[in-house]
Amino acid sequence: MRAARNGVAVLTFFWGQGEISVNRHISRTDVEQIDHTDDSGFTIEHGVPPSSAIAAALAGGLEASRHKHIIHITASERSADEIVGALRQFLPHAEIILLPSWDCLPYDRVWPTRANMGRRLRALCHMATKPDRARIAVMSIEASLQRVPPAQVIAGGFAILEVGQKFDRDDFRTRSEAFGYVVDERVDEPGEIAFRGDLMDIFPAGAEDPVRVVLGPDSCIRELKT
């Protein structure tokens, strides 16, 4: 869930349907044509191109692409983070998506955190919707191999909250619990939700901050606060 500046909140549980185009891979020639120097002017060696060089090659590939959509798979989660950070500097008007991997080891007895799963599902939701601008999705090998819910299950698994909308508190609570949200007296961590009178506090799993929903006497949403 995210609260927009215009007072609209979007609660995204799952991934919607859409189309993803995969373009050509980045060749060694593409990367070698980039200036491989750091801020101090020293050349990066050891045969590993810096993330900024890969991001620059991706940006160039996006400009040359007919579809304007690229999926790039990196060798590690750290590399994916760095490349996304550089791409957002190079292409401020493009949609840059990072699909994180689980924050637990395979076959571990510990489940991924709700915050991690929320970020993954938010990224999948964006990836599956039809883009209205240039897009690059970046993920590690681990993230690309991890299973996701079927598209038909994800399609109906989101809700939009906006000021003035009629709000069914009981139905919303039932759906939230079904999707794994924990009902508590107060929200401290992602994936928690609390109901107190005409107030509902929810910490969306993929968000940085909680959102407060204020209800009016007519059971309509009167205010959204972050």
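## Asn116 in helix H4

A polar contact is a pair of N or O atoms within 3.5 Å; within protein, one must be able to donate a hydrogen and the other to accept it, and residues adjacent in sequence count only if both atoms are side-chain atoms. In this predicted model, a polar atom of the Asn116 side chain lies 2.8 Å from the backbone oxygen of Ser101. Asn116 also has contacts (heavy atoms within 4.5 Å). Leaving aside neighbours within four places in sequence, these are with Pro100, Ser101, Trp102 and Asp103.

Asn116 sits in helix H4. Why is Asn116 counted as buried? Because its relative accessibility is 2%; buried means under 20% relative accessible area, with a 1.4 Å probe and protein chains only. Other buried residues of H4 include Leu121, Leu124 and Met127.

## Helix H3 and the core

Helix H3 covers residues 77–90 (helices are DSSP runs of H or I, at least four residues, and strands are runs of E, at least two, numbered from the N terminus). Its buried residues are Ser79, Ala80, Ile83, Val84, Ala86 and Leu87. Their cover includes helix H2 and strands S3, S4 and S5.

The largest nonpolar core has 16 residues. Such a core is a set of buried Ala, Val, Leu, Ile, Met, Phe, Trp, Tyr and Cys residues joined through side-chain atoms within 4.5 Å. Ile83 and Leu87 are among the members that touch the most others. H2, H3 and S5 each supply at least two residues of this core.

## Basis

Residues are numbered from 1 along each chain as its sequence is written. Local features need pLDDT of at least 70, side-chain atom pairs count only at pLDDT 80 or more, totals for chains, interfaces and linings use all residues, and side-chain values use heavy atoms, leaving out hydrogens and water.

Notes. Buried < 20%, exposed > 50% of the residue type's maximum accessible area, 1.4 Å probe, protein only. Expected span 1.5 Å × (residues − 1).
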